[in-house]
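Below are my comments on this model, set out as numbered points that can be followed with the coordinates open. They begin at a single residue and work outwards from there.

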Amino acid sequence: MPLGILKSLFSRLRSNSLDWDEILEILILADLGVRFSEQFVNKLKQSNRCRDEQSALQFLREEIVSLFYPSPPPLTPHPDRPRTILFVGVNGTGKTTTIAKLAHRLKKAGHSVLLAAADTFRAAAIEQLSLWAEKIGVPVIRSQYQSDPAALCYDAYQAARSRDVDFLLCDTAGRLHTRQNLMREVAKIARTLAKHGPDLPDEKWIVVDATTGSNCLSQAKEFHEAVGLTGVILTKMDGSGKGGAAAAIRHELGIPTRFIANGENLESLHPFDPENYANSLLELTPA
Ligand SMILES: Nc1nc2c(ncn2[C@@H]2O[C@H](COP(=O)(O)OP(=O)(O)O)[C@@H](O)[C@H]2O)c(=O)[nH]1
Ligand SMILES: [Mg+2]
């Protein structure tokens, strides 16, 4: 649902025909989440920002942008050991592709990277990551199809440490026989990495597909319970979704969005920028 429709709704602000329920519905349909949407509508009702369309839209823009501050610190190498990022998320959201894009980005910035192919549930997933690794020119730790992904990540960390690499990026499966098994498995991978040190893995990022709307929030809740997420990557922003769910996830779970992806090629991963995000969500041109 394009939020651009809000403009025409807000344009009725001067008349007395404003339908608050309609506004609420549009915000929810834009995947901003029920809680954020209700809170915003209540604030708008009580504010003097509902005088006219421009001021109401700006108010919404400010509320969305301010959600994302303070921003997390930029991604830098750890001073003493490999910075380790565990990627989780359901099947098909773009985990493997995102890892390739991030590895490419980090390598271009002069960092060394090691990949761990811990989606051992599908033979094709190991192959897919290995092909990307070859293309980018970074090493990958892999093992047999259906081997233990936690053990693989444990070994990959040891390898990363002995090779003194800056970043270890761990891919994981997005589908197992049951969802409960999947949650148990990602939790076990995180616990196993923590045997190398209590702060490991440094980051646990969920990859969500912007075209799947409010499912992103429910997926984030489920994985957050399992591993305690520290970041979100919003993919497929080149598709029909505008990614309102990033705001809902931040509002309800406090998790920041770290990167957005808008294509299938290696260059299509960009650091998340709250201002650009809000402008594109609201179809506003930059101030
Ligand atoms: N259009 C578009 N496609 C993407 C994006 N990110 C990933 N994909 C595609 O989505 C599909 C699933 O990606 P994959 O990385 O295998 O997902 P995974 O199952 O989470 O590892 C692949 O065809 C990717 O090329 C994106 O930002 N935009
Ligand atoms: Mg994958």
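1. Thr 235 is placed in strand β6 of what is, it should be said at once, a predicted model. With a relative accessible area of 4%, Thr 235 falls under the 20% limit and is therefore counted as buried. Leaving aside residues up to four places away in sequence, Thr 235 touches Thr 93, Thr 98, Val 207, Val 208, Asp 209, Ala 210 and Ala 261.

2. Strand β6, which covers residues 231–235, is joined by 5 bridges to β5, and the two run parallel. Within this pairing, Gly 231 of β6 is the bridge partner of Trp 205. Between β5 and β6 the chain passes through helix α9 (residues 215–227), and the resulting β-α-β crossover is right-handed. Strand β6 is also joined to β7 (residues 257–261), again in parallel, by 3 bridges, and here Ile 233 stands opposite Phe 259 of β7.

3. Strand β5 (residues 203–209) deserves its own inspection, since 7 of its 7 residues are buried and the strand is therefore largely enclosed by the rest of the structure. The burial applies to both faces: Glu 203, Trp 205, Val 207 and Asp 209 point one way, Lys 204, Ile 206 and Val 208 point the other way, and all of them are buried. Strand β1 (residues 83–88) runs parallel to β5 and is joined to it by 4 bridges, with Val 88 standing opposite Ile 206.

4. How are the strands ordered in the sheet as a whole? There are 8 strands in an open sheet of mixed pairing, and their order is β3-β2-β4-β1-β5-β6-β7-β8. The edge positions are taken by β3 (140–141) and β8 (269–271), each of which has a single partner strand, so that one side of each is left without a neighbour in the sheet.

5. Turning to the helices on the sheet, α6 (residues 123–136) lies across β2 (113–118), β3 and β4 (167–172), and runs at about 165° to β2. Helix α7 (residues 149–162) likewise packs on the sheet, where it touches β1, β2, β3 and β4, and its direction makes about 165° with that of β2.

6. Helix α5 (residues 95–108) packs against α6 at an angle of about 20°, their axes being 10 Å apart, and because an angle under 35 degrees counts as roughly parallel, α5 is so described with respect to α6. On the side of α5 the contact is made by Thr 96, Thr 97, Ile 99, Ala 100, Ala 103, His 104 and Lys 107, and on the side of α6 by Gln 128, Leu 129, Trp 132 and Ile 136. The crossing in which α5 passes α6 is right-handed.

7. Is Leu 129, a residue of helix α6, buried or exposed? Its relative accessibility is 0%, so Leu 129 counts as buried. Its contacts, not counting residues up to four places away in sequence, are with Thr 96, Ile 99, Leu 115, Ala 116, Ala 117, Val 140 and Asp 171. Leu 129 and Ile 141 are separated by 12 residues in sequence and by 10.0 Å in space, taken from C-alpha to C-alpha.

Methods
Residues numbered from 1 in each chain as written. Chains lettered and ligands numbered in written order. Predicted model: local features only at pLDDT ≥ 70, side-chain atom pairs only at ≥ 80, totals over all residues. Heavy atoms only, no water. Buried < 20%, exposed > 50% of the residue type's maximum accessible area, 1.4 Å probe, protein only. Pairing = 2+ DSSP bridges. Right-handed = clockwise from strand over helix to strand, strands pointing away. Contact = heavy atoms within 4.5 Å. Axes fitted to C-alpha atoms, helices over the stretch in contact; angles between N-to-C directions. Parallel < 35°, antiparallel > 145°, perpendicular 65-115°, else oblique. Left-handed = near helix turned anticlockwise from the far one by under 90°.
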